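Work through the exercises below with the sequence and the 3D structure open beside you. Try each task before reading its solution.

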Amino acid sequence: MSHRPGRDRDWTTGLPDAPAARVTGLTVTSAAGRHLVREAGLTLRPGRLVALTGPSGSGKTTLLRALTGLLPPGTARTAGHVEVLGHDVLALPQRELRALRRDRLAHVGQDPASGLNPWMRVDSLVRELAADRSTDPVALLDEVRLPDGARLSGRRPGALSGGQQRRVALARALARRPDVLLLDEPTAGLHPGLRDEIGDLLQHLAREHRLAIAFSCHDAGLVGRIADDVVRLGAAVPHRPVTAAGRPPAPPGAGATGATGADGMAGTAAAADTTDTFDTAGASGAAGTAGTASKTSTASTTGTSDTANTTGVPLLAVRDVSVTFGRGAAPVLRDVGLAVAPGTAVGVVGASGCGKTTLARVVVGLQAVTAGSIALDGVPLRPGPRGRAREQRRRVQLVTQNPLGALNPSRTVGDTVGRPLRLHRRRPARQVPARVTELLEQVGLDPEYAGRYPHELSGGQRQRVAVARALAAEPDVLICDEITSALDGGTAEAIMDLLGGLRARHGPALVLISHDLPLVADRTDTVTVLDAGRVVESGRTADVFTAPAHPATAALLSRAVTGR
Amino acid sequence: MAGPLIPGGAVAPALARLGALLLKRAALLAALLALVFVTVELLPGDAASATAERGEGAADLARRRALLGLDRPLAERFRHWMTGLPAGNLGTSAGGEPVTSLLSGPFPNTLLLGGLALLLTAVLSLALGCRAALRPGRALDRTVSGTATAVLALPEFVVAVALVLVLSLWTGWLPATTATGADGSPASWRMLVLPVLALTVPQTGWNIRIVRAALADAARAPHVETAVLDGLSPHRVLLRHVLPGALPAIATGLATSTGMLLGGAVVVETVFNCPGAGSVLASAVTDRDGPVVAGVTALAGAVITVVLLLADLVRDLMTGGRR
């Protein structure tokens, strides 16, 4: 793709690195009067990558949205200025704002799955925003490291994996050849190899095509490697681990974040405005903490792995399942098997697009199969969207990759979590509110959140609600499909520790679907490796990861090592 | 990497599903027809007495009953009538004429009237609903939504009378009644304008509200916000990103209107003296002519079933795109 490197910019005044965008003293307040962003500052310059970091709920998404001139519904700017390419975007007339967005300012949201029109094919999605008619969608897909773009360009978003959707969204953003690129968590949900590729791509776009890029990211390693400037939002909130009892000392990310977080943020933001880099120290520090956390959890899971081998009949057995989307298409899953013994944790790993999510959907009965069977406790489950008994559905719960899509926008958190309690008759009606409180505390949310709606929560908080809802049904098998991909390191660890703690107390068996190999390696007893819809390897986690027998496993492992 | 699939592999289940669906609809239609037979039977009097001429004695009536088969039990008559259906035989009317030939002239007229009205309803409600949705809360939106509610509450005959009053009696632009040509259809297209309008106006009111609500609903999808942030024009956002999500609801609304249009046709054809199935139906009910009533119902039911299937097809296509 050819960005115009030396193209005239009417907003420049001759200076090569005049700011492309500048945010000063921005405060954004919700309708309820909570500060989502307080006195934030940010400067974007052509050719530079600015990373926004901070725990989930610290205002990263809101700050990026402010740069597009459209704040999330129900929020308003109460102070400060946002200037993009010489325009005050929060005061720009609609027509000019539209032209600015259409030609020069691209925004890629946090949740690419819901951001893509499900009725349009990939090539029209990309071509819709192309700068000129000659733009070749396949070339753009290639540029965003989406292999096999020619084949995928005829598909609709629903037939793509989460990682593929993310790259299509990026290709769509780049199609207009923007000057400013805003990315909300561009690498969440991608496996380490791909994460680095996207990181390199962003760096390439900034350096070679003089784009001004801002991206929010909770991956300290990536931020340290590619960012030129770092703006830390709400960094003052320390991570508090969730104890085995599931009761955090104080709920992180609650109302307190607004106050403490914003104070720390104002300071660092100002610093970022003047200093060019202060990345590596913070980044390596965070990576170090993540490392120790991993080690401790390894120790905690070894105890349970013995029980895994003593059981006879698997709790959940998937046999020879094949799935094909549409006529004449290549199968997404081919003869896939999976066995989960009671109380164990099973990992499913594989590169983006290998069929991990499809497998999860098959198990819970959301996806019809073309062949194969699924059994729970030896009793066959109907392999399709219909005909499972309520009790069978209750026993297998799914937490998805995309928490916003999975939560009903018109229900409060309390209603959402309370519903399974009623539907599956887990608690008498009058005990439901108390149990909801208990569940919210268990996943590290303030019980006060029961009155809020999903759009008032951050990505990480939504995922906690989704976990609480799944736990409310008291399942025997809990399937977690990339549930930590949208969470920052600390929150992800806390959620995983919570699940591990539940399992230790005779909680559900876990199926962890992830591209994050260390996460799977530390917390599972057995692991199944998928590649292009086939099981290429499975066995005890330790054996598979220490002596990978298949090149795909080896490739995943080597990426994990270099990616960290 | 994929082995070649048998081409028929995916088609056969789709056909089987369609077949099952058609069977279900046919069973529903049969149940409806049974209900029609029972209802006509429950009306006081029967075809023999309703068409009796002055001075006919009880013996004449009994003879006519035997001739028309009215002395046989209802279930048997219904079975007899139903067995003729697959062959296209709708039975015999009380006047001794085959129902098919009785309806072959008027029914196409009603279909033309209803079809034109449905087309006009679809165009008007989509155009006005989309215009209103482009600028929510503005003058046009408020006018359209308000008028739609008012119009929705008007029965067809009120609209018909008002139209005749204004466009025919006061201005004299259009004929108030329909003259029939040699082939039994209206003599001029101008005679169709007022009946079509009388049918369209109430249905448009109803459908604008559906279009408006369906578009507002579909506009809440996250990908619509993405399209707005991508700087696409409001027209493009509406047509490419919002409308596809609203189509299933809109199609279902229009399909529902088909039933109401056919029902409204009875009234409108009477008011404008149009030669259609509506007037045939009205006189058949007066004559307690079960086979004719059931015949009109069967044809109308078949039309509505086809339209509903089309609406389901739209929905399937739209939701199929999501998978």
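The exercises that follow concern a predicted model.

**Exercise 1. Two helices**

Task: Decide how helix H17 and helix H18 of chain A are oriented to each other, and state which residues make the contact.

Solution.
Step 1. Locate the helices: H17(A) covers residues 459–472, and H18(A) covers residues 489–504.
Step 2. Take the geometry. The two helices pack at an angle of about 10°, and their axes are 12 Å apart.
Step 3. Apply the cut-off: angles under 35 degrees count as roughly parallel. H17(A) and H18(A) are therefore roughly parallel to each other.
Step 4. List the contact residues. H17(A) contributes A:Arg464, A:Val467 and A:Leu471, while H18(A) contributes A:Thr491, A:Ile495, A:Leu498, A:Leu499 and A:Leu502.
Step 5. Sort them by class: the contact has six nonpolar residues, one polar and one charged.
Step 6. Recall a general point about spacing. An α-helix has 3.6 residues a turn, so residues three or four places apart point the same way.

**Exercise 2. An open sheet**

Task: Give the strand order of the five-stranded open sheet in chain A and find the strands that stand at its edges.

Solution.
Step 1. Write down the order, which is S6-S7-S8-S3-S9, with parallel pairing.
Step 2. Recall what pairing involves. Strands of a sheet pair through backbone hydrogen bonds, either parallel or antiparallel.
Step 3. Go to the ends of the order. Strand S6 (105–108) and strand S9 (229–232) of chain A each have a single partner strand, so one side of each is left without a neighbour in the sheet.
Step 4. Add the twist: direction ignored, neighbouring strands of this sheet are turned by 15° against each other on average.
Step 5. Look at one pair. Strand S3 (residues 49–53) of chain A pairs with S9(A) in the parallel sense over four bridges. A:Thr53 has A:Arg232 in S9(A) as its bridge partner.
Step 6. Find a helix on the sheet. Helix H7 (residues 162–174) of chain A packs there and touches S6 and strand S7 (180–184) of chain A. The direction of H7(A) makes about 170° with that of S6(A).

**Exercise 3. Antiparallel pairs and a hairpin**

Task: Follow strand S4 of chain A to its partners S1 and S5, and describe the turn between S4(A) and S5(A).

Solution.
Step 1. Strand S1 (residues 21–30) and strand S4 (residues 75–84) of chain A pair in the antiparallel sense over eight bridges.
Step 2. In this pairing A:Arg22 is matched with A:Glu83 of S4(A) as its bridge partner.
Step 3. S4(A) also pairs in the antiparallel sense with strand S5 (residues 87–88) of chain A, over two bridges. Here the bridge partner of A:Glu83 is A:Asp88.
Step 4. S4(A) and S5(A) form a hairpin with two residues between them. In the turn, A:Leu85 has a positive phi of about 50°.

**Exercise 4. Positive phi and exposure**

Task: For A:Glu39 and A:Asp148, state where each residue is found and whether it counts as buried, partly exposed or exposed.

Solution.
Step 1. A:Glu39 lies in strand S2 (residues 35–44) of chain A. Its phi is positive, about 45°, although A:Glu39 is not a glycine.
Step 2. A:Asp148 is in the loop between helix H5 (137–143) and helix H6 (149–152) of chain A. Phi of A:Asp148 is positive as well, near 65°.
Step 3. Note the cut-offs: buried is under 20% relative accessible area and exposed is over 50%.
Step 4. A:Glu39, at 49% relative accessibility, therefore counts as partly exposed. A:Asp148, at 43%, also counts as partly exposed.

**Exercise 5. A residue in chain B**

Task: Describe the surroundings of B:Leu152.

Solution.
Step 1. B:Leu152 belongs to helix H7 (residues 139–152) of chain B.
Step 2. Its relative accessibility is 33%, so B:Leu152 counts as partly exposed.
Step 3. Compare sequence with space: B:Leu152 and B:Val201 are 49 residues apart in sequence, and their C-alpha atoms are 7.9 Å apart.
Step 4. Not counting residues up to four places away in sequence, B:Leu152 touches B:Pro202, B:Gly205, B:Trp206 and B:Arg209.
Step 5. Check the annotation. UniProt, in an unreviewed entry, places the feature "transmembrane region" at several stretches of chain B, including residues 146–167. Over residues 146–167 the chain is 86% helix and 0% strand.

Notes. Residues numbered from 1 in each chain as written. Chains lettered and ligands numbered in written order. Predicted model: local features only at pLDDT ≥ 70, side-chain atom pairs only at ≥ 80, totals over all residues. Heavy atoms only, no water. Axes fitted to C-alpha atoms, helices over the stretch in contact; angles between N-to-C directions. Parallel < 35°, antiparallel > 145°, perpendicular 65-115°, else oblique. Contact = heavy atoms within 4.5 Å. Nonpolar A, V, L, I, M, F, W, Y, C, P; charged D, E, K, R; others polar. UniProt positions renumbered as here; feature names shortened; annotations may be inferred. Pairing = 2+ DSSP bridges. Buried < 20%, exposed > 50% of the residue type's maximum accessible area, 1.4 Å probe, protein only.
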